[in-house]
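The following exchange asks how several structural labels are justified. Each reply sets a computed value against its criterion.

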Amino acid sequence: MEFYAQISGTGQLLPLFDNGKVPRLRIGEIYLCKVSIPRNLKFHRKFFALLNLAFLNMSEHLQKHLHISSQETLLDYIKLGIGHFDVYEVDGISYTKTRSISFSDMDEAEFEAFYNQAIDFILQYVAIGAKKSEFVEEIERNFK
């Protein structure tokens, strides 16, 4: 079972239920709960504005050199560059698989860390020479 919760003014974690009804939980029972910060859809869209800006401003030479033909391949390049992948072996052959950035796989804090690493990576390897402040301002302008 999943549900939203909120910290009260007194520091208590209070469950929030959509229909106002408390599910069948027994008083006095101990429950294991996973706490995460739900993702912000606007922040997710802002990341894709960043990805779009990086792809559109990537030189054709760099796209060919890195075999980046779309925003999806650029996203995989970024994931690999910042270590957002797993390596596994099957029959002695190593495979690399990039991890998901879906809402169900990353909470807000994890996504924010990923976003910041992605910006730094893009500035170092994709938008070489761009100033971080100008790049971030451009994202903000294109995102609105």
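Q: What makes β3 and β4 a hairpin, and which residue in the turn has a positive phi?
A: Strands β3 and β4 form a hairpin with two residues between them, and D91 in the turn has a positive phi of about 50°. The model is predicted, with local features requiring pLDDT of at least 70 and side-chain atom pairs pLDDT 80 or more, while totals for chains, interfaces and linings use all residues. Residues are numbered from 1 along each chain as its sequence is written, and side-chain values use heavy atoms, with hydrogens and water left out.

Q: How do you know that strand β3 and strand β4 pair, and in which sense?
A: Strands are DSSP runs of E with at least two residues, helices are runs of H or I with at least four, and both are numbered from the N terminus. Two strands pair if DSSP finds at least two bridges between them. Strand β3 (residues 85-90) and strand β4 (residues 93-98) have six bridges in the antiparallel sense, so the pairing criterion is met. Within this arrangement, E89 stands opposite S94 in β4.

Q: Why is the aromatic pair of Y88 and Y95 called stacked?
A: Rings of Phe, Tyr and Trp (its six-membered ring) pair if their centres lie within 6.5 Å; planes under 30 degrees apart count as stacked, over 60 as edge-to-face and the rest as tilted. By this rule the count comes to 10 aromatic pairs. For Y88 and Y95, the values are 5.7 Å centre to centre and 25° between the planes, so the pair is stacked. Ring pairs also link F43, F47, F48, F111, F114 and Y115 into a cluster.

Q: Why does Y88 count as partly exposed?
A: Buried means under 20% relative accessible area, exposed over 50%, and partly exposed in between (1.4 Å probe, protein chains only). The relative accessible area of Y88 is 38%, so Y88 is partly exposed. Y95, at 35%, is partly exposed as well.

Q: What makes K46 and E140 a salt bridge?
A: A salt bridge requires a side-chain nitrogen of Lys or Arg within 4 Å of a carboxyl oxygen of Asp or Glu. The closest N and O atoms of K46 and E140 are 2.5 Å apart, so the criterion is satisfied. The pair links distant parts of the chain, with K46 in helix α1 (residues 41-56) and E140 in helix α5 (residues 132-143), 94 residues apart. K46 counts as buried, at 17% relative accessibility, whereas E140 counts as partly exposed, at 28%.

Q: How do you know that D120 and K132 form a salt bridge?
A: Their closest N and O atoms are 2.9 Å apart, and the salt bridge follows from that distance. D120 lies in helix α4 (residues 108-125) and K132 in helix α5, 12 residues apart. Both are partly exposed: D120 has a relative accessible area of 40%, and K132 has 43%.

Q: Why are R141 and E138 separated by about one helical turn?
A: R141 and E138 are three residues apart in helix α5, which means a separation of about one helical turn. They form a salt bridge, with the closest N and O atoms 2.5 Å apart. R141 is exposed at 53%, whereas E138 is partly exposed at 27%. The structure holds five salt bridges.
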